[in-house]
Amino acid sequence: MTSRLKKTRYRYRSFNPSEDSRLSATDAIKQVSSSAGVLVSFEPDSKEWAVIHNLRTMFVAGLADGMDKPCLILAPNGFQAPLDVRDDVKHYAHPDDIAEHVASFALELTDYLQLVEPPLKVSHNSLQNMAFGDPTAENEMTTLSAYYMQTEQFTRAVRGEVNLVVGRKGAGKTALFLQLRDRIRADKRNVMVDLKPEGYQLIKLKEDLLSYLTEGSRQHLITAFWEYLLLLEVTYKVLEKDRTTHKHNHEIYEKYLDLEASYKVENFSTEGDFSERLLVLSNRIASSYRARFGESSDVKLTVDDVTSLVHAHDIRSLRQKLSDYLSTKQSVWILFDNLDKGWNTGGVDEIDIIVLRCLVEAGRKIEREMRKHEHKLYCVIFVRNDVYELLMKGSADYGKDMRAVLDWTDPDMLREMLRLRLVSGMDGVESNVTFEKIWRDICISHYRGEDTSAYFIERSLMRPRNVLKIFAHSKGFAINFNHSKIEESDIEKGVKAFSQDLLIELDHELSDVCPDVPDLLYHFIDQPSEVSKHELNATLANGGVSADQVENIFGFLLYYGVIGLKTETGVQYIFDVNYDSKILTTRAQRLGENARYVFNPAFWDALGITDQSSQ
């Protein structure tokens, strides 16, 4: 669906349940009303999450129908759609069927855009009409540049000084990805290769092949796989970029034809987007492996074995002709995101870490080879912080990687991020207006005796996305009750809604690195806000955590900011000590049995935690 939609060249926004646990009615109405059409799907009941997904599908389709928006509803063959929409559902048995349905849908969108009336001019200084962006960066591609805060990490990335961008979920990795891509792509002399696999393409390769190989053979094969794939993607992007230009430029005409001839070989598909090409290549390698080795375990691959399994091209010739062609370009950038979205819901395993490590090594290798020929090539990989920690544990030389860490520690930085968005979304507001001035116009100054912006930030785990979500929930309740600004009751309801979302999302995040303990955070329901380590460990043990796992789980709770250490100067969470958990554990060791831990207030509403400080 996504691949075909991209080919229509329409920009799109999407709802991703792995990023947002809940689709609020307010958000759904806003997104549908600001779209030219809606594409939804039904999933078979055999899938665990089908019921919730299909309810969302019906609700969003109903909104589209009520607003007279074009709507395409897809379902697999054999699916019994609800009677309300049965006549409107388009069925598919093969990806080509989806392509046909989306092609027809694209024509409906074109007709709609030609008929739709331009929106009426309205004042944008009321809460109802104030736009401040979307907590999910993928849904604000067209507007993000108007209010993006250019941090030092962004500046380093633009200068080509980093090859890894590391950050927790919601810290701004995708926003940096989009802004870096747009900045580099603005110069026509640059080649920008932005790769975002949809998540499932590597699973088949992993299940059918990698689980059978020895560790040495795995690393050899996967590094060759990534190097080959990145080389092909750079070639694909260069050919696509100059498809028309080369016909009118005698300096690149012959080089273009030579490169194209090397790239388009027999038994190699050049169609589709990156996700489709990645899937085809993965399936081809897995099929070739089974044909040669069956399902033998502990197979040791030679260099010739790897070459024959991976390469469909004369790789030396392709690399040389690509190098010749790049002499006409200023620089090449490869940005790689979403790799961890294809990992097993049961958590990150050894093979996943090897896949990431080999991607980093392949990126380095291509950079070195191209720079030997005096070409500027930069490969930047975006990865979650917790996954990077696992990556470092498995390797002794990852100090070589130049990384930009998107860890937020200063509340004023988050206020500035929010200020830029508010200024952009309100008419007649000067760009240099202070946060305090603009905040007073849209929100009460204090809640329960605490500055409201500080109250929001304290519950955000110092993640920009969470600040925006708390604000969006509170603003939504203010709009529902027709308040001119966000009131105390709106904040109370907004924080409760956010707390429930955060509990679900962070529990999923923890399951990636701690798969053996499902629903980990739910064990703390109805706990007091302040506990000893002994009490924490007892709660974990009662929840089924084995004795040998308790210490690791405790470390995760500190690392993710679920709990903080109570000190003489106040409670310290991981973001108060520059994300160095060793500082907290060392201070706790000094306190010994007197060490007390406090649950982050962000979870109090969702878990029913009682605030002991107020008793």
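# A walk through the chain, ring by ring

Among contacts between residues at least 6 apart in sequence, 74% join residues at least 24 apart. Keep that in mind as you look around this predicted model. With the whole chain in view, you have 23 helices and 14 strands on screen. Of its 615 residues, 50% count as buried.

**Stop 1: two helices that cross.** Select residues 411-425, which are helix 15, and residues 435-442, which are helix 16. Two packed helices are described by the angle between their axes and the distance between the axes. Here the axes come within 10 Å and cross at roughly 60°, and the crossing is left-handed. Now show the side chains where they touch. From helix 15, pick Arg 415, Leu 418, Arg 419, Leu 422 and Val 423; from helix 16, pick Phe 435, Ile 438, Trp 439 and Ile 442. Colour these contact residues by character and you will find seven nonpolar, no polar and two charged.

**Stop 2: a cluster of rings.** Keep Phe 435 and Trp 439 on screen and add Phe 456 and Phe 471: ring pairs link these four residues into a cluster.

**Stop 3: a pair across the chain.** The whole structure holds 15 aromatic pairs. For one of them, select Phe 177 and Phe 382, an edge-to-face pair with 5.2 Å from centre to centre and 70° between the planes. Where in the chain do Phe 177 and Phe 382 come from? Phe 177 belongs to helix 6 (residues 173-185) and Phe 382 to strand 7 (residues 377-384), 205 residues apart. Both Phe 177 and Phe 382 are buried. Before leaving, add Lys 196, which lies over the face of Phe 177 at 4.6 Å from the ring centre.

**Stop 4: another helix-to-strand pair.** Move on to Phe 554 and Tyr 597. Why is this pair called edge-to-face? The ring planes of Phe 554 and Tyr 597 stand at 85°, with the centres 5.0 Å apart, and planes over 60 degrees apart count as edge-to-face. This pair, too, links distant parts of the chain: Phe 554 sits in helix 21 (residues 550-559) and Tyr 597 in strand 14 (residues 596-599), 43 residues apart. Are these two rings buried or exposed? Phe 554 is buried, with a relative accessible area of 4%, and Tyr 597 counts as buried at 3%.

**Last stop: a charge over a ring.** Finish by selecting Arg 168 and Tyr 559. Arg 168 lies over the face of Tyr 559, at 4.1 Å from the ring centre.

Terms used
Residues numbered from 1 in each chain as written. Predicted model: local features only at pLDDT ≥ 70, side-chain atom pairs only at ≥ 80, totals over all residues. Heavy atoms only, no water. Axes fitted to C-alpha atoms, helices over the stretch in contact; angles between N-to-C directions. Helix = DSSP H or I, 4+ residues; strand = E, 2+ residues; numbered from the N terminus. Left-handed = near helix turned anticlockwise from the far one by under 90°. Contact = heavy atoms within 4.5 Å. Nonpolar A, V, L, I, M, F, W, Y, C, P; charged D, E, K, R; others polar. Phe/Tyr/Trp six-rings, centres within 6.5 Å; stacked < 30°, edge-to-face > 60°. Buried < 20%, exposed > 50% of the residue type's maximum accessible area, 1.4 Å probe, protein only. Lys NZ or Arg CZ within 6 Å of the ring centre and 35° of its normal.
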